[in-house]
Amino acid sequence: MEIIRVEKVGKVYKDHGVPVNALRGIDLTVEKGEFTVIAGPSGSGKTTLLNIIGSLDVPTDGHVFLEGENLTNKKKSELSAIRLKKIGFVFQAYNLIPVLTAIENIEFAMLLLGVPDKERVKRAMRAMEELEIAGLAHKMPNQMSGGQQQRVAVARAIVNDPLLVLADEPTANLDSKTALSLLDLMQRMNEEKNITFVFSSHDRKVMDRAKRLLILKDGEIAEEEKR
Ligand SMILES: Nc1ncnc2c1ncn2[C@@H]1O[C@H](COP(=O)(O)OP(=O)(O)OP(=O)(O)O)[C@@H](O)[C@H]1O
Ligand SMILES: [Mg+2]
């Protein structure tokens, strides 16, 4: 089943009036259950592509379809509602809300969606148990290690059973051992819950786990490998 279809997507940024071609003619389909890594050198367009897939940014050319629905002409408010329900994000710098505890961070999207108190706590605790971080529920982000914060971020990303999780260099700030155990957890979420993951990374450990590997070069898909 197709989740994402990217058609002839281009992105031109303006850098002090000078155009920068970050993406050129990208065609890409992501199917349910994929564990895909987008790799490529710094500046090749990985973050730009993930942001466009996740509707955090809009393409200059081309179209993005989520479950067959064209996102191109949607209003910002419609896009944020779609993101909230369907897409989980994991970032390089964790991006937890610093004034909320771990469990409050995980509950946050459900709060915006109007999920009742009890159900919110139940779902958040279940996600924390799955990621083996139940003990961290009442800790603040600055009381947790990087690896612990990233597990909370993954719990936050998966708690609403999203259609798709997008992770932009999720292991970049973690040591090897912590990175590997985070990858194990995401792989388990992929296998057990059939959650679709798309990562960007130039980390070998992440690339080695990919079921599908795309290499970006200068804003184009230069290579694709299926395992
Ligand atoms: N907001 C912006 N304004 C202008 N140029 C930008 C902007 N964001 C990205 N770029 C440029 O677009 C190109 C692609 O950037 P992008 O961040 O997508 O690359 P990346 O592959 O994620 O790199 P990295 O591995 O360093 O994170 C680069 O040339 C970058 O300088
Ligand atoms: Mg990037």
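Which residue in β7 is the bridge partner of Gly-88? The points below address this and related features of the model, which is predicted.

1. The bridge partner of Gly-88 in β7 is Val-165. This bridge belongs to the pairing of β6 with strand β7 (residues 164-168), which runs in the parallel sense over 4 bridges. Helix α5 (residues 146-158) packs on the sheet here and touches both β6 and β7. The direction of α5 makes about 170° with that of β6.

2. The sheet itself is open and is formed by 6 strands, in the order β6-β7-β8-β3-β9-β10, with mixed pairing. The edges are held by β6 (87-90) and β10 (220-226); each has a single partner strand, so one side of each is left without a neighbour in the sheet. Neighbouring strands of this sheet are turned against each other by 15° on average, direction ignored.

3. Helix α1 (residues 46-53) also meets the sheet, lying across β3 (35-39), β7, β8 (196-200) and β9 (212-217). With respect to β8, helix α1 runs at about 150°.

4. Helix α1 has a further place in the model, at ligand 1: with 3 residues, α1 gives the most to the shell around that ligand. At least two residues of the shell come from each of β1 (2-15), β2 (18-31) and α1.

5. The residues around ligand 1 include Tyr-13, Asp-15, Val-20 and Ala-22, and also Gly-40, Ser-42, Gly-43, Ser-44, Gly-45, Lys-46, Thr-47 and Thr-48. By character, the shell around ligand 1 divides into 7 polar, 3 nonpolar and 2 charged residues.

How values were computed. Residues numbered from 1 in each chain as written. Chains lettered and ligands numbered in written order. Predicted model: local features only at pLDDT ≥ 70, side-chain atom pairs only at ≥ 80, totals over all residues. Pairing = 2+ DSSP bridges. Axes fitted to C-alpha atoms, helices over the stretch in contact; angles between N-to-C directions. Contact = placed C-beta atoms within 7 Å. Near = placed C-beta within 6 Å. Nonpolar A, V, L, I, M, F, W, Y, C, P; charged D, E, K, R; others polar.
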